[in-house]
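Subject: Structure handover

Dear colleague,

Here is the structure you asked about. My notes on it follow below.

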Amino acid sequence: MTTTTPNVYIEDLAQNGTAYLGQDVTLHGWLYNKRSSGKLHFLQLRDGTGTIQCVLFKGDVPPEMFEAGNRVTQESSVRVRGTVKEDKRSTLGFEIGVTDFEILHESVDYPITPKEHGVAFLMDHRHLWLRSSRQHAITRIRAEIIRAIRTFFDERGFTLVDAPIFTPNACEGTTNLFETDYFDDKAYLTQSGQLYMEAAAAAFGKAYCFGPTFRAEKSKTRRHLTEFWMVEPEVAFLDLAGDMDLAEDFVAFIVRAVLENRRAELTLLERDVSKLEAVQKPFPRITYDEATKILKQEGHAFEYGDDFGAEDETIISNHFDRPVLIHRYPSAIKAFYMKPDPENPELSLNVDMIAPEGYGEIIGGGQREDDLNVLLKKIKEHELPETAFGWYLDLRRYGSFPHSGFGLGVERTVAWICGIHHVRETIPFPRLMERLTP
RNA sequence: UCCUCAGUAGCUCAAUGGUAGAGCAUGCGGCUGUUAACCGCAGGGUUGUAAGUUCGAGUCUUACCUGGGGAGCCA
């Protein structure tokens with residue numbers, strides 16, 4: 001087959017099809033599905049940017065080529081040449097009248113058929129599942145969210161400072177850490193880049209890191225992965241109120257980017273877009289105390305002083321049509337580096353953001369303790385090894401400064417924006433307690 | 001880790017303790033406009049593993065394995 005005609009992507013045809021009307025084009029891709037009707041083969045071609053129907057008519061091509069159209073199997077790689085035609089019956093508005101067709105590689109017994117499958121089967125075939133339209137939409141929205149995350153901070157003068165993956169110690173307890181050999185010593189996979197971002201904030205004023213983090217929690221829920229991506233900004237001379245402003249701007253920015261650039265994908269996922277359009281500043285801000293009152297008013301059993309469980313978060317978030325910021329939790333249930341509220345030292349200057357519709361906590365952060373002696377006392381109280389925090393304490397020795405930041409979990413954010421049930425579909429190759437393959 | 005549900009054809013599921021079946025997928029045939037196309041025919045099974053109860057077990061019992069849903073913990 002000679003390819004003198006221009007190669008084109010289906011996405012180009014979808015967006016600008018009229019410009020191609022009547023032209024001969026060459027497409028490369030995979031067979032998504034096929035229907036036949038005697039002297040016609042309707043080939044659904046997928047090229048990674050979209051799908052388009054290619055119509056192979058017996059009268060238009062040599063007999064062996066028509067026979068190839070009869071023989072071609074799902075997910076075989078193919079090359080198609082043909083004329084771009086307008087067609088109202090097509091979802092794209094256009095289809096290809098095939099003049100030349102070649103099977104590049106025949107796919108035999110492709111496991112994922114156009115019928116329903118169970119979760120376990122699909123997860124076992126995750127590497128192939130990514131080819132299907134739903135996974136395609138989710139992955140593209142994830143990519144859009146990550147692009148928005150980077151753009152947001154880059155445009156505001158933040159410096160990207162990569163945190164290490166190997167760490168010598170935990171920043172919040174050791175039971176959830178993955179341990180690995182490090183020559184004659186032990187190392188742990190990072191749970192958070194935050195401590196390093198505090199050093200970065202002292203160096204750059206505004207910094208953020210973005211990368212995978214690891215938690216060896218034996219969690220088996222729709223909100224947990226053992227490997228997940230987190231973006232963690234940290235800002236010098238920023239207090240809790242400013243931190244909440246930043247988190248609010250950030251999440252509103254991400255949602256707007258997806259609404260503007262990934263409408264088609266949201267539609268394919270049947271996402272109720274009006275719920276996302278409601279995500280406008282200002283977000284409600286309530287204290288932990290006020291949140292507990294909501295639970296009480298709903299007649300929900302809750303012990304003051306406890307952290308909120310999944311059900312508690314859902315009840316609270318259902319009171320609002322956009323993400324809610326809950327601040328000033330009891331210090332006792334928060335990490336050692338959180339600064340206590342000067343007005344009530346029993347409370348911590350922290351903030352969590354709970355996504356709407358029961359998607360749970362997507363942001364955790366707050367203002368950090370900047371007094372060396374208070375921090376030393378906290379480390380002792382939490383029974384953490386002081387020696388491991390030597391460099392971290394240096395940040396309070398050499399020009400200590402008030403500072404705040406937060407971490408946003410990418411997969412939970414993707415799940416919420418896409419409106420999908422489980423975070424396992426929000427990352428190309430999820431790592432779960434019971435799953436390491438593919 | 002705990003609670004709970006499930007495991008039968010490649011996939012999704014049926015089958016009063018009594019001959020293991022359907023749809024899809026696959027193969028062959030039919031159809032000039034199909035939209036998860038449709039119609040006809042065919043092949044396809046150590047019922048998760050091991051033991052037990054029974055004249056007889058896919059079905060009942062026990063243990064184990066694997067997976068789903070939920071909890072706690074968290075992002």
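A charge is taken to sit over a ring if NZ of Lys or CZ of Arg is within 6 Å of the ring centre and within 35 degrees of the ring normal. By that rule Arg156 lies over the face of Phe253, 5.6 Å from the ring centre. Likewise, the charged end of Lys334 sits over the ring of Tyr329, at 4.6 Å from the centre of that ring. Please keep in mind throughout that this is a predicted model.

Overall picture

Chain A has 438 residues, and buried residues make up 52% of them. Its secondary structure comes to 14 helices and 18 strands. Along the principal axes, the C-alpha atoms fill a box of roughly 85 × 55 × 40 Å. If you take the contacts in chain A between residues at least 6 apart in sequence, 65% of them join residues at least 24 apart.

The two domains

The chain is divided into domain 1, residues 10–105, and domain 2, residues 124–425. Seven residues from domain 1 and five residues from domain 2 take part in the contact. The C-alpha centres of domain 1 and domain 2 are 46 Å apart. Between them the domains bury about 450 Å², and 32% of this area is on carbon and sulfur atoms. On the domain 1 side, Tyr32, Arg46 and Gly48 supply 59% of the area buried against domain 2, more than any other three residues.

Two salt bridges are counted between domain 1 and domain 2. Glu75 forms a salt bridge with Arg131, with the closest N and O atoms 2.9 Å apart. Given the domain bounds of 10–105 and 124–425, Glu75 falls in domain 1 and Arg131 in domain 2.

Salt bridges

The whole structure holds 30 salt bridges. Glu75 appears again here, as its side chain also meets that of Arg46 at 2.8 Å, N to O. Glu75 lies in the loop between helix H2 (63–71) and strand S4 (77–86), and Arg46 in strand S2 (residues 40–46), so this pair ties together parts that are 29 residues apart in sequence. Both Glu75 and Arg46 are buried.

How do the other pairs compare in burial? The side chains of Asp87 and Arg89 meet in a salt bridge of 3.1 Å, N to O. Asp87 counts as buried, at 9% relative accessibility, whereas Arg89 is exposed, with a relative accessible area of 77%. Lys186 and Asp181 form a salt bridge too, their closest N and O atoms being 3.0 Å apart. In that pair Lys186 is partly exposed at 40% relative accessible area, and Asp181 is exposed at 56%.

There is also a network of salt bridges, which links Glu11, Arg140, Glu144, Arg147, Arg262 and Glu265.

Aromatic rings

A pair of aromatic rings is described by the distance of the centres and the angle of the planes. The search of the whole structure gives 23 aromatic pairs. One of them is Phe336 with Phe389, which is edge-to-face, at 5.2 Å centre to centre and 65° between the planes. The edge-to-face label follows because planes over 60 degrees apart are counted that way. Phe336 lies in the loop between strand S13 (324–327) and strand S14 (340–341), and Phe389 in the loop between helix H12 (372–381) and helix H13 (390–397), so the pair ties together parts 53 residues apart in sequence. Phe336 and Phe389 are both buried.

Ring pairs also link Phe152, Phe153, Phe158, Tyr208, Phe250, Phe253 and Phe406 into a cluster. Phe253 in this cluster is the ring whose face Arg156 lies over.

A loop residue in domain 1

Leu21 is found in the loop between helix H1 (10–16) and strand S1 (24–37). Is Leu21 partly exposed or buried? Leu21 is partly exposed, because its relative accessible area is 34% and the partly exposed class runs between 20% and 50%. Leaving aside residues up to four places away in sequence, Leu21 touches Val84, Lys85, Glu86 and Phe94. Leu21 and Val84 are 63 residues apart in sequence, yet 5.1 Å apart in space, C-alpha to C-alpha.

Regards

How values were computed:
Residues numbered from 1 in each chain as written. Chains lettered and ligands numbered in written order. Predicted model: local features only at pLDDT ≥ 70, side-chain atom pairs only at ≥ 80, totals over all residues. Heavy atoms only, no water. Phe/Tyr/Trp six-rings, centres within 6.5 Å; stacked < 30°, edge-to-face > 60°. Helix = DSSP H or I, 4+ residues; strand = E, 2+ residues; numbered from the N terminus. Buried < 20%, exposed > 50% of the residue type's maximum accessible area, 1.4 Å probe, protein only. Domains from an automatic or database assignment. Contact = heavy atoms within 4.5 Å. Buried area = accessible area lost by both parts, 1.4 Å probe. Salt bridge = Lys/Arg side-chain N within 4 Å of Asp/Glu carboxyl O.
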